[in-house]
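Visitor: I'm new to reading protein structures, and I'd like to learn how to look at one piece by piece. Could you walk me through this one?

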Amino acid sequence: MDVMSSVSTKPYLLRALFDWCADQGLTPYIAVVVDDRAGVPRQYVKDGQIILNIGREAVHQLVMGNELITCSARFGGVAQELTIPVECVAAIYARENGHGMAFEVTPGKSARSDAPASTDATRTEQPVLTTPEKPVTRPHLRRVK
């Protein structure tokens, strides 16, 4: 088995875009498809997704590993530990201008029924470059081919 083909580029791209946001003074947001593996406050999940500000001022002890993103964040004034599988991250983007990258997300075996499912079994973690036409506050990503 070729080791290079089994290693996902997704965690490396997430870290690179996080660093780019920090270097530019922008606020990095991630869109997460929530399933049973995602340790996030369920009351903030809408349509099977949660949008999280992962900027240095919003979270503490952020660790962006190859398999998991972990951190501590406050929701309604209460500190909570977050555990987000990298495979559940659908996008990372800058809040101020919407620039970022989107990813295909294939729900895991423990995916909840209300999480969006992929209809194409051949989809993979192919990044999608984005160039929004105006600043947005929610992900507004356009597929560029």
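Guide: Happy to, and keep in mind that this is a predicted model. Let's begin with helix α2, where the buried residues are Lys 10, Pro 11, Leu 14, Leu 17, Phe 18 and Cys 21. Look down the axis of α2 and those buried residues fall within an arc of 130°, so they line one face of the helix.

Visitor: What covers the buried residues of α2?

Guide: The cover includes strands β1, β3, β4, β6 and β7.

Visitor: How do I check the length of a helix like α2?

Guide: Count 1.5 Å a residue, taking one less than the number of residues. Helix α2 covers residues 10-24, which is 15 residues, so it should span 21 Å; its end C-alpha atoms are 21 Å apart, which agrees. Just after α2 you'll meet Gly 25, with a positive phi of about 75°.

Visitor: Lys 10 was on your list. Just how buried is Lys 10, in relative accessible area?

Guide: A residue counts as buried under 20% relative accessible area. Lys 10, which lies in helix α2, has a value of 0%, so it is buried.

Visitor: Which atom does the side chain of Lys 10 reach?

Guide: Its target is the backbone oxygen of Val 86, at 3.1 Å.

Visitor: Let's move to strands. How should I think about the two sides of a strand?

Guide: In a regular strand the side chains alternate between the two faces of the sheet. Now try strand β1: Pro 28, Ile 30 and Val 32 are on one side, with Tyr 29, Ala 31 and Val 33 on the other, and all are buried, which leaves both faces covered. Six of the six residues of β1 (residues 28-33) are buried, so this strand is largely enclosed by the rest of the structure.

Visitor: Which strands pair with β1?

Guide: One is β6 (residues 89-94), which pairs with β1 in the antiparallel sense over five bridges. There, Tyr 29 stands opposite Tyr 93 in β6. Another is β2 (residues 49-53), also antiparallel to β1 and also joined over five bridges. Follow Val 32 across and you reach its bridge partner in β2, Ile 50.

Visitor: What about residues that are far apart in sequence, such as Val 33 and Thr 106: how far apart are they in space?

Guide: Their C-alpha atoms are 9.3 Å apart, while 73 residues separate them in sequence. Thr 106 is in the loop between β7 (100-102) and β8 (128-129). Its relative accessibility is 44%, so Thr 106 counts as partly exposed.

Visitor: I also see an open sheet of three strands. What is its order?

Guide: Read it as β3-β4-β5, with antiparallel pairing. The edges are β3 (59-64) and β5 (78-85), each with a single partner strand, so one side of each is left without a neighbour in the sheet. From one strand to the next, the twist averages 20°.

Visitor: How many bridges join the strands in that sheet?

Guide: Take the pairs in turn. Strands β3 and β4 pair over four bridges, and one residue pair to look for is Val 59 with Ala 73 in β4. Strand β4 (residues 68-75) is joined to β5 by eight bridges. Among the partners there, Thr 70 goes with Thr 83 and Leu 68 goes with Pro 85.

Visitor: And how many residues sit between the strands of each hairpin?

Guide: The β3 and β4 hairpin has three residues between its strands. The β4 and β5 hairpin has two, and Gly 76 in that turn has a positive phi of about 60°.

Visitor: Which residues other than glycine have a positive phi?

Guide: Let me show you a couple. Asp 47 has a positive phi of about 55° although it is not a glycine, and its place is in the loop between β1 and β2. Gln 61 is also a residue other than glycine, with a positive phi near 55°, but you'll find it in strand β3.

Visitor: Are those two buried or exposed?

Guide: The cut-off for exposed is over 50% relative accessible area. Asp 47 comes in at 74%, so it counts as exposed. Gln 61 has 65%, so it is exposed too.

How values were computed. Residues numbered from 1 in each chain as written. Predicted model: local features only at pLDDT ≥ 70, side-chain atom pairs only at ≥ 80, totals over all residues. Heavy atoms only, no water. Pairing = 2+ DSSP bridges. Axes fitted to C-alpha atoms, helices over the stretch in contact; angles between N-to-C directions. Buried < 20%, exposed > 50% of the residue type's maximum accessible area, 1.4 Å probe, protein only. Arc of directions from axis to C-beta. Contact = heavy atoms within 4.5 Å. Polar contact = N/O pair within 3.5 Å; in protein donor to acceptor, adjacent residues only side chain to side chain.
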